Amino acid sequence: MDMKKRIHLELRNRTPSDVKELVLDNCRSNEGKIEGLTDEFEELEFLSTINVGLTTVAHLPKLNKLKKLELSDNRISGGLEVLAEKCPNLTHLNLSGNKIKDLSTIEPLKELGTLKSLDLFNCEVTNLNEYRDNVFKLLPQLTYLDGYDKDDKEAPDSDAEVYAEGLDDDEEDEDEVDDEDDEGEQLLQIHNKCTRLMLFFMVHCFCFS
């Protein structure tokens, strides 16, 4: 499926200005270019175009509110200077699996003052000597490179945290249900004892009468 059709499907009868997240993974770009995405997507905060055959981001529209951009597993080798102009508030950028070979290719990212996280897994640039140190020097605004900070501390996984919180909530709900079950059993036992006592007294009263 080509990118234009995929965007149309993802809209689901919404207007572009209603969309905050857009996932276009594994569709086909037009000659390596982004197609069908316009500046009407003014509220877009998350865009994913994984494995769509991109060779350039030059046709990316102006997306002032975009914070997370997934470009992994494409064929991008340069032209990143447009990101500062098109996505000035970008905080997370994933370029893993692209054709990025040297530090000069990512140097334009210096202009993205809000960029906190950059991923370059499976790019040739990661094979350079002192790769991590040099990237942090080149892009001092970065907090995380390939998932780790300067001190090799792993970036928090917000999705995992949300999932864990969900599990905790489920366990609490189960505990509440168990407590309710225990209380119910206790009440039933008391009720049965009372019933037996009443029957006992009724039988004895009948006999003595």
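Read along the sequence, the elements of this predicted model follow the pattern α-β-β-β-α-β-α-β-α-β-α. That makes 5 helices and 6 strands in the protein. Of its 209 residues, 32% count as buried. Among contacts with a separation of 6 or more, 52% join residues 24 or more positions apart.

**The sheet**

- The 6 strands form an open sheet, and their order is β1-β2-β3-β4-β5-β6.
- The pairing in this sheet is parallel.
- Strands of a sheet pair through backbone hydrogen bonds, and the sense can be parallel or antiparallel.
- β1 (21–23) and β6 stand at the edges with a single partner strand each, so one side of each has no neighbour in the sheet.
- The partner of β1 is β2 (residues 46–48), and the two pair in the parallel sense over 3 bridges.
- Within this pairing, Leu 22 has Leu 47 in β2 as its bridge partner.

**The largest pocket**

- Rolling a probe the size of a water molecule over the atoms shows where empty space is left.
- The largest pocket holds about 610 Å³ of space.
- Its lining consists of 20 residues, and those nearest the centre are Lys 68, His 92, Ser 117, Asp 119 and Pro 156.
- Two or more lining residues come from each of β3 (68–70), β4 (92–94), β5 (117–119) and α5 (158–208).
- By type, the lining of the largest pocket divides into 8 nonpolar, 5 polar and 7 charged residues.

**The start of the chain**

- Met 1 is in the segment before α1 (3–11).
- With a relative accessibility of 45%, Met 1 counts as partly exposed, because the value falls between the 20% limit for buried and the 50% limit for exposed.
- Leaving out residues up to four places away in sequence, Met 1 touches Arg 6, Leu 9, Cys 27 and Arg 28.
- Met 1 and Asn 26 are 25 residues apart along the chain, while their C-alpha atoms are separated by 8.5 Å.
- Lys 5 lies in helix α1 and counts as exposed, at 54% relative accessibility.
- From Lys 5 to Arg 28 there are 23 residues in sequence and 9.7 Å in space, C-alpha to C-alpha.
- Arg 6 is also placed in helix α1, but Arg 6 is buried, with a relative accessible area of 17%.
- The contacts of Arg 6, again not counting residues up to four places away, are Met 1, Val 23, Leu 24, Asp 25 and Cys 27.
- Helix α1 therefore holds a buried residue, Arg 6, and an exposed one, Lys 5.

**Gln 141 and its surroundings**

- Gln 141 lies in the loop that runs between α4 (131–138) and β6 (144–145).
- Its relative accessibility is 14%, so Gln 141 counts as buried; the cut-off for buried is under 20%.
- The side chain of Gln 141 reaches the backbone oxygen of Leu 109 at 3.0 Å.
- Apart from neighbours within four places in sequence, Gln 141 is in contact with Leu 109, Lys 110, Leu 112, Gly 113, Leu 115 and Lys 116.
- Leu 109 thus appears both as a contact of Gln 141 and as the residue whose backbone oxygen the Gln 141 side chain reaches.

**Two loop residues with positive phi**

- Asn 122 is found in the loop between β5 and α4.
- The phi of Asn 122 is near 60°, a positive value in a residue other than glycine.
- Asn 122 counts as exposed, at 70% relative accessibility.
- Asp 146 lies in the loop between β6 and α5.
- Although Asp 146 is not a glycine, its phi is positive, at about 55°.
- Asp 146 is buried, with a relative accessible area of 8%.
- Of these two loop residues, then, Asn 122 is exposed, whereas Asp 146 is buried.

Conventions: Residues are numbered from 1 along each chain as its sequence is written. This is a predicted model: local features need pLDDT of at least 70, side-chain atom pairs count only at pLDDT 80 or more; totals for chains, interfaces and linings use all residues. Side-chain values use heavy atoms; hydrogens and water are left out. On a 1 Å grid over the protein atoms alone, a cavity is a set of points where a 1.4 Å probe fits but cannot get out, and a pocket is an open set with protein on both sides within 12 Å along at least five of seven lines; lining residues have an atom within 4 Å of a point. Grid points are joined across faces, edges and corners, and a volume is the space filled by probe spheres set on the points. Helices (H or I, at least four residues) and strands (E, at least two) are DSSP runs, numbered from the N terminus. Ala, Val, Leu, Ile, Met, Phe, Trp, Tyr, Cys and Pro count as nonpolar, Asp, Glu, Lys and Arg as charged, and the others, Gly among them, as polar. Buried means under 20% relative accessible area, exposed over 50%, partly exposed in between (1.4 Å probe, protein chains only). A polar contact is a pair of N or O atoms within 3.5 Å; within protein, one must be able to donate a hydrogen and the other to accept it, and residues adjacent in sequence count only if both atoms are side-chain atoms. Contact means heavy atoms within 4.5 Å. Two strands pair if DSSP finds at least two bridges between them.
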